[in-house]
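Reader: Hello! I am new to this structure and would love a close look at a single part of it. Could you take me through one sheet and what lies around it?

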Amino acid sequence: MVGRPHRSPWTHRALALLAAAGCGAFLPAGAAPPEPVEVGALSVLVDKSPAIAAASAQAMNDALRGQSATRPARSAALEAWLDGATAGERAVVLRLDPAAGLELVEIDAAEAPRLVDAAGPETRFELLGEREPALRWMRPTLGIARAWRIAGRGEGVRVGLVEIGGLGRTTDTVIPFLRYGGCADTWHATMVGGVIALRPAASWNRGYDGIASSVRLLDAGACSARDRDLFAAIDWALVQGASVLNLSWGTPTGGAYDAAAALVDEIAWSRGTVIVAAAGNDAGAVWSPALAHGALAVGATDDRDTESVRDDAVAGFSSWIDPRTGSAKPELVAPGAEVTTAAPGYQALARASGTSLAAPAVSAVAALLLGARPDLAGHGPAVRALLLASAGLQPGATDAARRPGDRAGEGYPRAEIAAESAAEGRCGWLDLVTADAGTRRVLTILRLKRGQQVRAAIAWDQPGRYHAAGLGAMADLDLALVTADGRIVAESRTATGSYEALSVRVPASGEYRLVATVFRHDSLDRAGRLPGRTPLGWAWALIPSTR
């Protein structure tokens with residue numbers, strides 16, 4: 001089904017408010033609209049043929065990980081098959097040639113040496129299906145399997161896949177619920193969508209599902225990278241009922257707040273939509289719109305092709321903002337180096353790198369939570385707080401301690417912990433107003449046992465028009481866990497950003513209170529005539545000691 005593009009009255013109002021705040025035109029008079037750069041290693045693949053795209057993606061990923069010179073012509077899995085194959089046994093091989101592209105070849109064991117000898121020096125052969133475990137490695141890292149048992153697979157939740165170009169029409173593995181329509185297909189959109197909603201289609205897929213394979217995926221593919229087209233695609237997804245927006249694209253602004261960030265903040269603040277954005281791929285400042293207050297910026301890690309997180313590392317290309325110099329971004333990370341996902345046009349899976357592939361993993365986890373708790377829809381800060389409270393596990397470590405300046409932010413979100421917290425009612429939301437400035441709000445009462453590891457988080461939104469007018473952050477909140485007699489056990493106090501998170505091992509059994517302090521809350525206007533409103537979400541989680 002193809003949806004008809006249009007601009008809703010809501011978007012008219014939002015853009016009018018942004019224009020009134022001084023960011024309506026976004027450009028000097030007469031200037032041409034900018035062309036935002038897609039986030040992800042696949043940004044250059046748009047408008048290329050699938051065969052060239054596959055070869056380019058492979059070469060790009062090799063360069064990212066510095067392995068192009070060391071990879072053997074035949075993969076380890078193919079060598080293992082050849083060693084054990086009996087006479088006449090046949091297999092399907094993936095032939096990756098930077099010059100000729102991607103090809104599926106059926107061979108028997110005796111033909112393999114001749115095939116390799118006849119190929120160029122940069123050609124690589126892999127056994128079809130051997131890449132599939134890389135899809136599964138994301139599952140234990142993010143705790144997906146147990147989350148499925150607790151929360152389901154995102155049934156009934158609508159996720160807006162806002163992309164530059166739409167899902168590939170030739171793939172039968174990522175099936176959109178609705179299409180925006182009329183725009184060219186891209187590899188990028190299909191690979192990003194596959195992380196969320198890939199479905200088993202044939203024997204070559206071997207039963208792999210995306211993280212939230214039961215969601216209703218809205219294929220909101222913009223026809224260009226211009227602001228007006230991307231904003232129209234976002235608007236369409238909202239009109240179709242998206243409660244999660246995935247934005248795996250962006251513009252490097254050097255950390256400057258721009259139109260896209262302002263619109264994202266306005267949407268999050270006014271509608272409570274969960275918005276997840278790729279952090280960027282230049283190892284510098286987080287790109288827009290991921291730098292928006294209301295966006296969960298997601299960085300990428302390299303899982304080293306292993307299930308354990310002990311050898312994981314932040315990917316060298318993943319963008320970030322040092323929390324000592326600005327708003328801490330990204331908030332979370334997910335695997336994003338050589339992620340295997342859907343490849344349109346081929347009965348095969350493909351591999352790509354970039355924060356583009358990390359962001360949809362977090363979008364999918366958010367969809368799982370909304371599927372289990374439909375009442376969370378429209379309360380984006382509560383969903384963000386659940387994800388932040390479930391995190392703390394840093395790539396390459398097993399402790400939950402936050403290290404200042406860590407490029408991984410709060411670390412990996414754990415879907416099973418977030419799902420359990422949502423199911424047990426360990427989350428909530430409320431609105432703060434200007435009159436709350438200087439007050440303390442008891443969010444919830446916890447009854448804890450000595451030795452339990454507890455994480456808690458708050459997250460909040462502010463209108464994009466406020467920051468766009470040069471007023472900065474409208475509210476500054478702090479978070480603390482206190483005993484019944486008011487003694488602080490743990491606290492989180494930062495001057496920037498739109499969340500606070502704390503982690504503590506409970507010193508003694510008893511009753512505790514999770515308290516938010518409204519350190520500052522400004523009015524919506526400079527004159528103080530319009531009281532500001534801040535939607536706040538909170539959550540807490542019990543962290544297993546064996547995590």
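Author: Happy to! One definition helps before we start: two strands count as paired if DSSP finds at least two bridges between them. Please also keep in mind that this is a predicted model.

Let us begin with the sheet. It is an open sheet formed by 4 strands, in the order 14-21-16-19, and their pairing is antiparallel. Strands of a sheet pair through backbone hydrogen bonds, and the pairing may be parallel or antiparallel. At the edges you will find strand 14 (427–433) and strand 19 (499–505). Each of these has a single partner strand, so one side of each has no neighbour in the sheet. On average, neighbouring strands here are turned by 15 degrees against each other, ignoring direction.

Now look at one pairing in detail. Strand 16 and strand 19 run antiparallel and are joined by 7 bridges. To find one of these places by eye, pick A459, whose bridge partner in strand 19 is Y499.

From here, follow the chain out of the sheet. The loop between strand 16 (453–460) and helix 13 (464–468) holds D461. Is D461 buried or exposed? With a relative accessible area of 1%, D461 falls under the 20% limit, so this residue counts as buried. Its side chain also has a polar partner: the side chains of D461 and R384 make a polar contact at 2.8 Å. R384 is one of the residues that D461 touches once those up to four places away in sequence are set aside; the others are A268, W269, G294, P381, T534 and P535.

W269 in that list leads us to another arrangement. The charged end of R533 sits over the ring of W269, at 4.8 Å from the ring centre. A similar topic comes up with W540: R426 lies over the face of this ring, 4.9 Å from its centre.

Since we are talking about rings, here is one more stop. The structure holds 1 aromatic pair. The ring centres of Y180 and W236 are 5.5 Å apart and the planes stand at 55 degrees, so the pair is tilted. Y180 belongs to the loop between strand 5 (178–179) and helix 7 (187–197), while W236 is in helix 8 (residues 227–239), so the pair ties together parts 56 residues apart in sequence. Both Y180 and W236 are buried.

Key
Residues numbered from 1 in each chain as written. Predicted model: local features only at pLDDT ≥ 70, side-chain atom pairs only at ≥ 80, totals over all residues. Heavy atoms only, no water. Helix = DSSP H or I, 4+ residues; strand = E, 2+ residues; numbered from the N terminus. Buried < 20%, exposed > 50% of the residue type's maximum accessible area, 1.4 Å probe, protein only. Polar contact = N/O pair within 3.5 Å; in protein donor to acceptor, adjacent residues only side chain to side chain. Contact = heavy atoms within 4.5 Å. Axes fitted to C-alpha atoms, helices over the stretch in contact; angles between N-to-C directions. Phe/Tyr/Trp six-rings, centres within 6.5 Å; stacked < 30°, edge-to-face > 60°. Lys NZ or Arg CZ within 6 Å of the ring centre and 35° of its normal.
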